[in-house]
Amino acid sequence: MRDWVRQAIHRIDSDRRRSADTHLYKLDIASLEQMGIDIYLKDESSHPTGSLKHRLARSLFLHAICSGRVREGTPVIEASSGSTAVSEAYFARLLGLPFHAVMPASTARSKIAQIEYLGGRCWFVERGCEMYARAERLAEELDGHYMDQFTFAECATDWRGNNNIAESIFQQMAMERHSVPHTIVMGAGTGGTSATIGRYIRYAGHATQLLVVDPENSVFHDSFQKRDRSLTIETGSRIEGIGRPRVEASFVPDVIDEMMEVPDAASIAAIHWLEQRLGRKAGGSTGTNLWGVLTVAERMRDSGQQGSIVTLMCDGGERYLDSYYDEAWVAANLGPLEPWQEWLARFDQ
(Lines give C-alpha, C1' and ligand atoms only; values in the text may rest on other atoms or scores of the structure.)
Protein backbone atom coordinates (compact mmCIF):
# COMPACT_ATOMS: atom_id res chain seq x y z
CA MET A 1 0.00 0.00 0.00
CA ARG A 2 2.81 2.44 0.84
CA ASP A 3 4.21 2.04 -2.68
CA TRP A 4 0.88 3.02 -4.20
CA VAL A 5 0.59 6.02 -1.87
CA ARG A 6 4.05 7.25 -2.86
CA GLN A 7 3.26 6.81 -6.54
CA ALA A 8 -0.12 8.55 -6.20
CA ILE A 9 1.37 11.59 -4.43
CA HIS A 10 4.18 11.72 -7.00
CA ARG A 11 1.62 11.77 -9.85
CA ILE A 12 -0.40 14.55 -8.23
CA ASP A 13 2.70 16.62 -7.52
CA SER A 14 4.01 16.08 -11.04
CA ASP A 15 0.69 17.29 -12.43
CA ARG A 16 0.92 20.43 -10.26
CA ARG A 17 4.45 21.19 -11.39
CA ARG A 18 3.39 20.95 -15.04
CA SER A 19 0.75 23.61 -14.48
CA ALA A 20 1.63 27.31 -14.47
CA ASP A 21 -0.09 29.64 -12.02
CA THR A 22 -3.31 31.23 -13.22
CA HIS A 23 -3.21 34.70 -14.77
CA LEU A 24 -4.22 37.83 -12.87
CA TYR A 25 -6.04 40.24 -15.22
CA LYS A 26 -6.28 43.94 -14.51
CA LEU A 27 -9.66 45.24 -15.68
CA ASP A 28 -9.39 48.59 -17.45
CA ILE A 29 -12.13 50.74 -15.95
CA ALA A 30 -11.04 54.32 -16.58
CA SER A 31 -13.68 55.92 -14.36
CA LEU A 32 -12.29 54.02 -11.36
CA GLU A 33 -8.59 54.09 -12.23
CA GLN A 34 -8.72 57.88 -12.36
CA MET A 35 -9.91 57.77 -8.75
CA GLY A 36 -7.05 55.44 -7.74
CA ILE A 37 -9.13 52.25 -7.66
CA ASP A 38 -7.83 49.18 -9.50
CA ILE A 39 -9.73 45.92 -10.08
CA TYR A 40 -8.12 42.53 -10.68
CA LEU A 41 -9.60 39.21 -11.77
CA LYS A 42 -7.68 35.97 -11.16
CA ASP A 43 -8.54 33.54 -13.95
CA GLU A 44 -9.08 30.15 -12.32
CA SER A 45 -10.80 28.89 -15.47
CA SER A 46 -7.37 28.23 -16.99
CA HIS A 47 -6.74 25.16 -14.82
CA PRO A 48 -6.70 21.82 -16.70
CA THR A 49 -10.27 21.12 -15.53
CA GLY A 50 -11.48 24.66 -16.16
CA SER A 51 -12.30 25.99 -12.71
CA LEU A 52 -11.18 27.07 -9.26
CA LYS A 53 -12.18 23.61 -8.02
CA HIS A 54 -9.05 22.10 -9.57
CA ARG A 55 -7.07 23.39 -6.58
CA LEU A 56 -9.64 21.99 -4.16
CA ALA A 57 -9.77 18.57 -5.82
CA ARG A 58 -5.98 18.26 -5.67
CA SER A 59 -6.01 19.10 -1.96
CA LEU A 60 -8.90 16.76 -1.22
CA PHE A 61 -7.17 13.81 -2.90
CA LEU A 62 -3.89 14.47 -1.09
CA HIS A 63 -5.76 14.78 2.22
CA ALA A 64 -7.72 11.56 1.67
CA ILE A 65 -4.67 9.58 0.52
CA CYS A 66 -2.41 10.77 3.34
CA SER A 67 -5.21 10.12 5.86
CA GLY A 68 -5.47 6.52 4.69
CA ARG A 69 -9.02 6.88 3.40
CA VAL A 70 -8.20 6.40 -0.29
CA ARG A 71 -6.09 3.44 -1.34
CA GLU A 72 -5.39 1.63 -4.59
CA GLY A 73 -8.71 0.79 -6.26
CA THR A 74 -10.88 2.76 -3.80
CA PRO A 75 -14.05 4.08 -5.47
CA VAL A 76 -14.32 7.84 -4.89
CA ILE A 77 -17.74 9.45 -4.46
CA GLU A 78 -18.55 13.17 -4.35
CA ALA A 79 -21.63 15.37 -3.98
CA SER A 80 -21.28 18.34 -6.30
CA SER A 81 -23.12 20.84 -8.48
CA GLY A 82 -20.60 20.01 -11.19
CA SER A 83 -17.25 21.79 -11.19
CA THR A 84 -15.74 19.97 -8.20
CA ALA A 85 -16.87 16.68 -9.69
CA VAL A 86 -15.19 17.51 -13.01
CA SER A 87 -11.92 18.23 -11.21
CA GLU A 88 -12.14 15.16 -8.99
CA ALA A 89 -12.88 12.99 -12.03
CA TYR A 90 -9.63 14.29 -13.53
CA PHE A 91 -7.55 13.28 -10.50
CA ALA A 92 -9.37 9.95 -10.14
CA ARG A 93 -8.44 9.12 -13.73
CA LEU A 94 -4.86 10.25 -13.06
CA LEU A 95 -4.69 7.71 -10.21
CA GLY A 96 -6.71 4.95 -11.88
CA LEU A 97 -9.58 5.17 -9.39
CA PRO A 98 -13.33 4.72 -10.07
CA PHE A 99 -15.24 7.99 -9.66
CA HIS A 100 -18.93 8.64 -9.00
CA ALA A 101 -20.59 12.07 -8.82
CA VAL A 102 -23.95 12.76 -7.16
CA MET A 103 -25.41 16.01 -8.48
CA PRO A 104 -28.66 17.89 -9.05
CA ALA A 105 -30.52 16.97 -12.23
CA SER A 106 -30.35 20.66 -13.21
CA THR A 107 -26.52 20.60 -13.48
CA ALA A 108 -25.19 22.01 -16.75
CA ARG A 109 -25.09 19.32 -19.44
CA SER A 110 -21.55 20.27 -20.41
CA LYS A 111 -20.28 19.48 -16.89
CA ILE A 112 -21.94 16.07 -17.00
CA ALA A 113 -20.32 15.38 -20.37
CA GLN A 114 -16.90 16.35 -18.99
CA ILE A 115 -17.24 14.01 -16.01
CA GLU A 116 -18.24 11.14 -18.26
CA TYR A 117 -15.42 11.93 -20.69
CA LEU A 118 -12.98 11.65 -17.78
CA GLY A 119 -14.36 8.22 -16.92
CA GLY A 120 -16.69 9.19 -14.10
CA ARG A 121 -20.30 8.15 -13.59
CA CYS A 122 -23.06 10.63 -12.69
CA TRP A 123 -25.99 10.01 -10.36
CA PHE A 124 -28.79 12.57 -10.13
CA VAL A 125 -31.10 13.91 -7.44
CA GLU A 126 -33.99 16.32 -7.89
CA ARG A 127 -32.98 18.76 -5.15
CA GLY A 128 -29.54 19.89 -4.07
CA CYS A 129 -30.23 19.10 -0.42
CA GLU A 130 -30.62 15.41 -1.35
CA MET A 131 -27.02 15.06 -2.59
CA TYR A 132 -25.38 14.46 0.76
CA ALA A 133 -27.41 11.44 1.89
CA ARG A 134 -27.32 9.87 -1.59
CA ALA A 135 -23.54 10.22 -1.76
CA GLU A 136 -23.14 8.65 1.69
CA ARG A 137 -25.36 5.70 0.69
CA LEU A 138 -23.49 5.24 -2.56
CA ALA A 139 -20.15 5.15 -0.76
CA GLU A 140 -21.49 2.42 1.53
CA GLU A 141 -22.92 0.43 -1.40
CA LEU A 142 -19.65 0.61 -3.35
CA ASP A 143 -17.37 0.24 -0.31
CA GLY A 144 -15.82 3.51 -1.39
CA HIS A 145 -14.80 6.86 0.07
CA TYR A 146 -17.16 9.84 0.14
CA MET A 147 -14.75 12.74 -0.47
CA ASP A 148 -17.24 15.22 1.10
CA GLN A 149 -15.88 18.54 -0.11
CA PHE A 150 -18.35 20.38 2.11
CA THR A 151 -16.75 18.98 5.26
CA PHE A 152 -13.09 18.76 4.30
CA ALA A 153 -12.51 21.76 2.00
CA GLU A 154 -11.28 24.09 4.75
CA CYS A 155 -8.94 21.57 6.41
CA ALA A 156 -7.55 19.89 3.28
CA THR A 157 -5.90 23.11 2.05
CA ASP A 158 -2.77 24.48 3.71
CA TRP A 159 -3.90 28.06 4.39
CA ARG A 160 -0.39 29.18 5.43
CA GLY A 161 0.92 28.85 1.89
CA ASN A 162 2.08 25.89 -0.22
CA ASN A 163 0.72 27.26 -3.50
CA ASN A 164 -2.74 28.07 -2.15
CA ILE A 165 -4.85 30.68 -3.88
CA ALA A 166 -4.34 33.38 -1.23
CA GLU A 167 -0.55 33.18 -1.37
CA SER A 168 -0.75 33.30 -5.18
CA ILE A 169 -2.89 36.46 -5.14
CA PHE A 170 -0.54 38.39 -2.88
CA GLN A 171 2.56 37.28 -4.80
CA GLN A 172 1.03 38.36 -8.11
CA MET A 173 -0.03 41.72 -6.68
CA ALA A 174 3.46 42.53 -5.36
CA MET A 175 4.41 44.91 -8.22
CA GLU A 176 1.06 46.69 -8.56
CA ARG A 177 0.53 50.30 -7.41
CA HIS A 178 -1.73 49.08 -4.59
CA SER A 179 0.12 45.85 -3.85
CA VAL A 180 -1.88 44.85 -0.75
CA PRO A 181 -5.54 44.66 -1.77
CA HIS A 182 -8.07 46.82 0.01
CA THR A 183 -10.60 43.99 -0.38
CA ILE A 184 -10.74 40.44 -1.74
CA VAL A 185 -14.21 39.34 -2.86
CA MET A 186 -15.17 35.66 -2.90
CA GLY A 187 -18.35 33.64 -3.17
CA ALA A 188 -18.96 30.62 -0.93
CA GLY A 189 -19.79 27.13 -2.13
CA THR A 190 -18.15 24.84 0.39
CA GLY A 191 -16.72 27.84 2.22
CA GLY A 192 -13.22 26.40 1.90
CA THR A 193 -11.74 29.08 -0.37
CA SER A 194 -13.02 31.96 1.73
CA ALA A 195 -11.64 30.19 4.82
CA THR A 196 -8.23 29.83 3.17
CA ILE A 197 -8.13 33.48 2.08
CA GLY A 198 -9.36 34.79 5.43
CA ARG A 199 -6.85 32.75 7.41
CA TYR A 200 -3.96 33.69 5.13
CA ILE A 201 -4.77 37.40 5.42
CA ARG A 202 -4.49 37.13 9.19
CA TYR A 203 -1.42 34.88 9.08
CA ALA A 204 0.42 37.33 6.79
CA GLY A 205 -0.66 40.36 8.84
CA HIS A 206 -2.43 42.17 5.98
CA ALA A 207 -5.11 44.83 6.45
CA THR A 208 -7.09 43.41 3.51
CA GLN A 209 -10.83 42.98 4.04
CA LEU A 210 -12.59 39.77 3.00
CA LEU A 211 -16.05 40.23 1.50
CA VAL A 212 -18.02 37.05 0.84
CA VAL A 213 -20.90 37.36 -1.61
CA ASP A 214 -23.89 35.03 -1.56
CA PRO A 215 -26.56 34.38 -4.23
CA GLU A 216 -30.28 33.95 -3.73
CA ASN A 217 -31.47 30.61 -2.29
CA SER A 218 -28.48 30.25 0.02
CA VAL A 219 -28.27 30.23 3.82
CA PHE A 220 -24.69 31.46 4.24
CA HIS A 221 -25.55 35.17 4.42
CA ASP A 222 -28.37 34.76 6.92
CA SER A 223 -26.27 32.36 8.99
CA PHE A 224 -23.44 34.90 9.07
CA GLN A 225 -25.75 37.71 10.18
CA LYS A 226 -27.54 35.67 12.82
CA ARG A 227 -24.58 33.49 13.83
CA ASP A 228 -26.85 30.48 13.42
CA ARG A 229 -25.37 27.39 11.73
CA SER A 230 -28.63 25.43 11.91
CA LEU A 231 -30.38 27.31 9.08
CA THR A 232 -31.60 25.32 6.07
CA ILE A 233 -33.78 25.89 3.01
CA GLU A 234 -35.30 23.53 0.47
CA THR A 235 -34.53 25.51 -2.69
CA GLY A 236 -31.15 25.20 -4.38
CA SER A 237 -29.03 28.04 -5.75
CA ARG A 238 -29.42 29.00 -9.41
CA ILE A 239 -25.82 30.19 -9.51
CA GLU A 240 -23.90 26.96 -9.95
CA GLY A 241 -20.90 26.49 -7.69
CA ILE A 242 -21.91 28.85 -4.88
CA GLY A 243 -24.75 29.12 -2.40
CA ARG A 244 -25.89 26.19 -0.27
CA PRO A 245 -29.19 25.01 1.28
CA ARG A 246 -27.40 24.36 4.59
CA VAL A 247 -24.36 25.77 6.39
CA GLU A 248 -21.46 23.55 5.39
CA ALA A 249 -18.82 22.45 7.87
CA SER A 250 -16.10 24.17 5.81
CA PHE A 251 -17.76 27.59 6.12
CA VAL A 252 -15.76 29.66 8.64
CA PRO A 253 -17.62 32.92 9.39
CA ASP A 254 -15.09 34.28 11.88
CA VAL A 255 -12.50 34.98 9.15
CA ILE A 256 -15.01 36.97 7.06
CA ASP A 257 -15.28 40.74 7.49
CA GLU A 258 -18.55 41.24 5.60
CA MET A 259 -21.14 39.28 3.64
CA MET A 260 -23.38 40.61 0.89
CA GLU A 261 -26.43 39.16 -0.84
CA VAL A 262 -26.39 39.50 -4.64
CA PRO A 263 -29.55 39.03 -6.74
CA ASP A 264 -29.13 36.26 -9.31
CA ALA A 265 -30.14 38.54 -12.18
CA ALA A 266 -27.42 40.99 -11.12
CA SER A 267 -24.85 38.17 -11.26
CA ILE A 268 -25.83 37.28 -14.81
CA ALA A 269 -25.94 40.90 -15.93
CA ALA A 270 -22.40 41.24 -14.57
CA ILE A 271 -20.96 38.36 -16.63
CA HIS A 272 -22.43 39.84 -19.82
CA TRP A 273 -20.89 43.19 -18.87
CA LEU A 274 -17.56 41.45 -18.21
CA GLU A 275 -17.62 39.74 -21.61
CA GLN A 276 -17.77 43.15 -23.30
CA ARG A 277 -14.66 44.25 -21.39
CA LEU A 278 -12.59 41.06 -21.35
CA GLY A 279 -13.73 39.27 -24.48
CA ARG A 280 -14.27 36.15 -22.37
CA LYS A 281 -17.34 34.35 -21.08
CA ALA A 282 -17.41 33.55 -17.36
CA GLY A 283 -19.67 31.44 -15.19
CA GLY A 284 -22.41 32.86 -12.99
CA SER A 285 -20.41 32.77 -9.76
CA THR A 286 -17.88 35.14 -11.35
CA GLY A 287 -20.75 37.56 -11.90
CA THR A 288 -21.69 37.35 -8.23
CA ASN A 289 -18.08 38.11 -7.32
CA LEU A 290 -17.89 40.99 -9.79
CA TRP A 291 -21.08 42.61 -8.49
CA GLY A 292 -19.54 42.60 -5.03
CA VAL A 293 -16.30 44.09 -6.38
CA LEU A 294 -18.08 46.95 -8.12
CA THR A 295 -20.18 47.65 -5.03
CA VAL A 296 -17.00 47.97 -2.98
CA ALA A 297 -15.44 50.17 -5.69
CA GLU A 298 -18.46 52.48 -5.60
CA ARG A 299 -18.18 52.79 -1.82
CA MET A 300 -14.46 53.57 -2.08
CA ARG A 301 -15.06 56.16 -4.79
CA ASP A 302 -17.78 57.88 -2.79
CA SER A 303 -15.61 58.02 0.33
CA GLY A 304 -12.46 59.12 -1.50
CA GLN A 305 -10.53 55.92 -0.77
CA GLN A 306 -7.91 54.43 -3.08
CA GLY A 307 -6.74 50.84 -3.39
CA SER A 308 -7.09 47.56 -5.23
CA ILE A 309 -9.86 44.97 -5.22
CA VAL A 310 -9.26 41.36 -6.25
CA THR A 311 -11.70 38.61 -7.11
CA LEU A 312 -11.79 35.34 -9.05
CA MET A 313 -13.01 34.17 -12.42
CA CYS A 314 -14.15 30.84 -11.02
CA ASP A 315 -14.88 29.05 -14.28
CA GLY A 316 -15.53 29.73 -17.95
CA GLY A 317 -18.89 30.57 -19.44
CA GLU A 318 -18.74 27.92 -22.17
CA ARG A 319 -20.28 25.52 -19.66
CA TYR A 320 -23.40 27.71 -19.46
CA LEU A 321 -24.27 28.47 -23.07
CA ASP A 322 -27.67 26.81 -22.61
CA SER A 323 -28.48 28.78 -19.44
CA TYR A 324 -26.76 32.04 -18.43
CA TYR A 325 -25.93 32.90 -22.05
CA ASP A 326 -29.30 31.87 -23.48
CA GLU A 327 -31.76 34.79 -23.62
CA ALA A 328 -34.83 32.56 -23.38
CA TRP A 329 -33.50 30.73 -20.32
CA VAL A 330 -32.56 33.99 -18.60
CA ALA A 331 -35.97 35.52 -19.29
CA ALA A 332 -37.81 32.44 -18.01
CA ASN A 333 -35.69 31.89 -14.91
CA LEU A 334 -34.39 35.30 -13.86
CA GLY A 335 -36.50 37.95 -15.57
CA PRO A 336 -35.25 41.16 -17.19
CA LEU A 337 -31.61 42.15 -16.76
CA GLU A 338 -32.06 45.80 -17.74
CA PRO A 339 -32.24 47.29 -14.21
CA TRP A 340 -28.93 45.66 -13.32
CA GLN A 341 -27.36 46.52 -16.67
CA GLU A 342 -28.22 50.19 -16.10
CA TRP A 343 -26.30 50.17 -12.81
CA LEU A 344 -23.30 48.49 -14.45
CA ALA A 345 -23.33 51.01 -17.29
CA ARG A 346 -22.40 53.76 -14.82
CA PHE A 347 -18.88 52.33 -14.67
CA ASP A 348 -18.49 52.80 -18.43
CA GLN A 349 -18.91 56.57 -18.23
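Me: Before we look around, what do buried, exposed and partly exposed mean here?

Reply: Buried means under 20% relative accessible area, exposed means over 50%, and partly exposed is in between. Keep in mind that this is a predicted model.

Me: OK, so why is Trp329 called partly exposed?

Reply: Its relative accessibility is 23%. Buried needs under 20% and exposed needs over 50%, so at 23% Trp329 counts as partly exposed.

Me: And what makes Tyr324 buried?

Reply: Tyr324 has a relative accessible area of 2%. The cut-off is under 20%, so Tyr324 is buried.

Me: How do you know that Tyr324 and Trp329 form an aromatic pair, and why is it called edge-to-face?

Reply: Rings pair if their centres lie within 6.5 Å, and planes over 60 degrees apart count as edge-to-face. For Tyr324 and Trp329 the figures are 5.6 Å centre to centre and 80° between the planes. Both conditions are met, so the pair is edge-to-face.

Me: What about Tyr90 and Phe91: what makes them a pair, and are they buried or exposed?

Reply: Tyr90 and Phe91 are 5.1 Å apart centre to centre, with 85° between the planes. Set against the limits of 6.5 Å and 60 degrees, that makes another edge-to-face pair. Both residues are buried. By this rule the count comes to 10 aromatic pairs, and Trp291, Trp340, Trp343 and Phe347 form one aromatic cluster.

Me: Let's turn to helix α11. How do you know that its length fits a helix of 15 residues?

Reply: The expected span is 1.5 Å times one less than the number of residues. For the 15 residues of α11 (264–278) that gives 21 Å, and the end C-alpha atoms are 21 Å apart, so the two agree.

Me: Which residues of α11 are buried, and what covers them?

Reply: The buried ones are Asp264, Ala265, Ala266, Ser267, Ile268, Ala269, Ala270, Ile271, Trp273 and Leu274. Their cover includes the strands β1 (24–27) and β2 (37–43), along with the helices α12 (284–303), α13 and α14 (338–345). After α11 comes Gly279, whose phi is positive, near 70°.

Me: Where is Gly317, and why does it count as buried?

Reply: Gly317 sits in the loop between β10 (307–313) and α13. Its relative accessibility is 0%, which is under 20%, so Gly317 counts as buried.

Me: What is Gly317 in contact with, leaving aside its neighbours within four places in sequence?

Reply: Lys281, Ala282, Gly283 and Tyr325 are in contact with Gly317. Contact calls for heavy atoms within 4.5 Å.

Me: What makes an empty space a cavity, and how many of 30 Å³ or more are there?

Reply: In a cavity a 1.4 Å probe fits but cannot get out. The search of the whole structure finds 1 of 30 Å³ or more. The largest cavity has a volume of about 180 Å³. Among its 21 lining residues, Leu52, Lys53, Gly241, Ile242 and Cys314 lie nearest its centre. Helix α9 (192–204) gives the largest share of the lining, 3 residues.

Me: And the largest pocket: what is its volume, and what lines it?

Reply: Its volume is about 650 Å³. There are 36 lining residues, and the closest to the centre are Pro104, Ser106, Ser237, Arg238 and Glu240. By class, the lining has 10 nonpolar, 17 polar and 9 charged residues.

Note on methods
Residues numbered from 1 in each chain as written. Predicted model: local features only at pLDDT ≥ 70, side-chain atom pairs only at ≥ 80, totals over all residues. Heavy atoms only, no water. 1 Å grid on protein atoms, 1.4 Å probe; cavity = no way out; pocket = protein on both sides within 12 Å on 5 of 7 lines; lining within 4 Å. Points joined across faces, edges and corners; volume = space filled by probe spheres on them. Nonpolar A, V, L, I, M, F, W, Y, C, P; charged D, E, K, R; others polar. Helix = DSSP H or I, 4+ residues; strand = E, 2+ residues; numbered from the N terminus. Buried < 20%, exposed > 50% of the residue type's maximum accessible area, 1.4 Å probe, protein only. Phe/Tyr/Trp six-rings, centres within 6.5 Å; stacked < 30°, edge-to-face > 60°.
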